[in-house]
Amino acid sequence: MTHTDFPGTDFPAPDLYWFIPSGGDGRQLGQPSRPAHFQYLAQIAQAADTLGFDGVLLPTGGTNEDTVILASALSSLTRQLRFLVALRPGLFSPVLAARLTASLDRVTGGRVNLNIVSGSGNFDFEGLNLTQAERYALTNEWLGVFRDLLRGETVDHQGEHLQVHGGRSLLPPVQRPYPPIYFGGSSDPALEIAGEHVDVYLSWGERPAQVAEKFGRVRAEALKHGRTVRFGLRAHVIVRPTEEEAWAAADALIADISDEQIAQAHQAFLASGSEGQRRQSELNGGTRESLRVGKNLWAGVGLLRGGAGTAFVGSPENVAAALREYQAVGVETFILSGYPHLEEAYRVAELLFPVLGRPSPLLTPRGQQPLTHTSVPSPEPVSAEPIGRFRSI
């Protein structure tokens with residue numbers, strides 16, 4: 001999607017993705033007050049679609065709904081929205097994954113992005129009992145076979161973890177040679193895989209210098225294979241009309257978390273074996289004492305939530321300035337979220353989109369249509385036509 005530039009800057013408006021909370025949602029961390037009923041997830045997807053977000057991330061693992069099934073269902077309720085769908089190399093063969101991917105891309109009209117998740121620990125691989133090195137070795141093999149299948153090749157592969165003989169995916173995807181492949185990970189094997197196989201490397205929200213260092217290593221790995229890689233960032237956002245309101249909302253998000261909950265979560269995160277999770281936990285230190293890790297970057301989400309643990313917090317202008325810092329080191333796509341996700345999608349579109357130079361189709365009047373509310377006197381004559389007008393009571 002093409003957007004206009006940031007006002008007064010040389011940066012183009014980035015692609016913005018939202019988040020589908022298929023494991024549950026709520027107004028505070030640790031208190032999921034909204035079950036992940038499909039009707040609610042559909043509301044969020046349709047809001048993101050009509051508000052003008054470029055796509056949505058579907059989370060995987062734990063109690064989240066299966067991403068392929070959910071993307072297929074939500075795609076029929078949306079028009080433009082892209083779906084970043086997780087595939088786990090340890091859970092099914094690359095041949096089956098290629099067939100599912102091609103079908104989903106065809107059903108959605110080419111609105112699929114793929115998020116390859118290597119996971120951390122045996123929980124993510126349902127008891128396959130793989131070490132970190134083995135997980136990434138499997139992922140590397142899997143991606144090589146998977147990409148060849150979607151290119152339309154017949155694959156024979158005899159590897160340490162995978163054996164494929166005469167493998168084919170007969171129906172091609174809409175996007176050629178295949179839907180864009182996203183991937184994240186901070187360990188050395190993850191960076192090597194990103195350079196060899198993926199289209200977009202994703203980082204969680206660390207300080208800009210830390211993100212730039214990882215991007216540089218991925219670029220160097222990609223160069224070894226004659227490739228280039230694009231970059232994205234996954235984080236949360238708390239944007240309000242003023243700085244004071246935004247930071248008050250951040251404090252409220254974690255107000256009811258106990259110190260015992262924080263300590264237990266911190267120990268679990270450190271024991272996960274994930275380098276990316278370790279880096280996120282290092283930012284907050286397992287304490288609520290020093291959570292501002294940048295002018296408008298806050299590490300409070302990671303006190304209790306695994307995975308992406310930082311949030312951009314502030315006024316629209318200051319959050320936009322913070323995004324520009326990451327664009328300066330190569331970020332083209334931001335995958336954002338906020339609690340609760342339905343209301344915060346509207347906040348981001350209403351407050352942040354205009355500052356980013358990207359109008360929202362839902363919130364921008366068509367032609368010279370005035371923005372009016374029928375419960376108060378209108379400064380201009382209002383048509384007597386009743387269609388589409390509702391009176392507030």
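Buried here means under 20% relative accessible area. The legends below describe a predicted model.

**View 1. Strand β4 is covered on both of its faces.** β4 spans residues 112–116, and 5 of its 5 residues are buried. In a regular strand the side chains alternate between the two faces of the sheet. On one side of β4 are Val112, Leu114 and Ile116, and on the other are Asn113 and Asn115; these residues are all buried.

**View 2. Strand β4 pairs with β3 and with β7.** Strand β3, residues 82–87, runs parallel to β4, and the two are linked over 5 bridges. One of the positions to look for is Leu84, whose bridge partner in β4 is Asn113. Strand β7, residues 181–184, is also parallel to β4 and is joined to it by 3 bridges. Here Ile116 has Phe183 of β7 as its bridge partner. Asn113 and Ile116 belong to opposite sides of β4, and both are buried. Helix α3, residues 94–107, completes a β-α-β unit with β3 and β4, and this unit is right-handed.

**View 3. Strand β1 pairs with β13 and with β2.** β1 covers residues 15–19, and 4 of its 5 residues are buried. Its pairing with β13 is parallel, over 3 bridges. Leu16 is placed opposite Phe334 of β13. β1 is also joined to strand β2, residues 55–57, by 3 bridges, again in the parallel sense. Tyr17 has Gly55 of β2 as its bridge partner. Together with helix α1, residues 38–51, strands β1 and β2 form a right-handed β-α-β unit.

**View 4. Strands β10, β12 and β11 form an open sheet.** The 3 strands are arranged in the order β10-β12-β11, with mixed pairing. β10 (236–239) and β11 (297–298) are at the edges and have a single partner strand each, so one side of each has no neighbour in the sheet. β11 pairs with strand β12, residues 311–314, in the antiparallel sense over 2 bridges. Trp298 has Ala311 of β12 as its bridge partner.

**View 5. Helix α7 packs its buried residues against β10, β11 and β12.** The helix runs over residues 243–253, and its buried residues are Ala246, Trp247, Ala249, Ala250 and Leu253. Seen down the axis of α7, these residues fall within an arc of 155 degrees, so they line one face of the helix. The strands they pack against are β10, β11 and β12, which make up the open sheet of the previous view.

**View 6. Helix α10 has its buried residues on the same side.** α10 has 12 residues, 316–327, and the distance from its first C-alpha to its last is 16 Å, close to the 16 Å expected at 1.5 Å a residue. Its buried residues are Pro316, Val319, Ala320, Ala322, Leu323, Tyr326 and Gln327. They lie on the same side of α10 because they cover an arc of only 160 degrees around the axis.

**View 7. Glu221 lies in helix α6.** The helix covers residues 208–224. Is Glu221 buried or exposed? Its relative accessible area is 16%, and residues under 20% count as buried, so Glu221 is buried. Apart from neighbours within four places in sequence, Glu221 is in contact with Leu191, Glu192 and Gly195.

**View 8. Two cis peptide bonds precede Pro177 and Pro340.** Most peptide bonds are trans. The bond joining Arg176 and Pro177 is cis, with omega about 0 degrees. Pro177 is in the loop between β6 (163–167) and β7. The bond from Tyr339 to Pro340 is also cis, and its omega is near -10 degrees. Pro340 is in the loop between β13 (331–335) and α11 (341–355).

**View 9. The chain as a whole, and residues 381–393, where pLDDT stays under 50.** The chain has 11 helices and 13 strands. Of its 393 residues, 51% are buried. Among contacts between residues at least 6 apart in sequence, 71% join residues at least 24 apart. The mean pLDDT of the chain is 89, and 89% of the residues reach 70 or more. For residues 381–393, the model has 9 contacts beyond four places in sequence. Where pLDDT is low, the predicted coordinates should not be read in detail.

How values were computed:
Residues are numbered from 1 along each chain as its sequence is written. This is a predicted model: local features need pLDDT of at least 70, side-chain atom pairs count only at pLDDT 80 or more; totals for chains, interfaces and linings use all residues. Side-chain values use heavy atoms; hydrogens and water are left out. pLDDT is the predictor's confidence in each residue, from 0 to 100. Contact means heavy atoms within 4.5 Å. Helices (H or I, at least four residues) and strands (E, at least two) are DSSP runs, numbered from the N terminus. The expected span of a helix is 1.5 Å times one less than its number of residues. Buried means under 20% relative accessible area, exposed over 50%, partly exposed in between (1.4 Å probe, protein chains only). The arc is that of the directions from the helix axis to the C-beta atoms. Two strands pair if DSSP finds at least two bridges between them. A crossover is right-handed if, with the strands pointing away from the viewer, the path from the first strand over the helix to the second runs clockwise.
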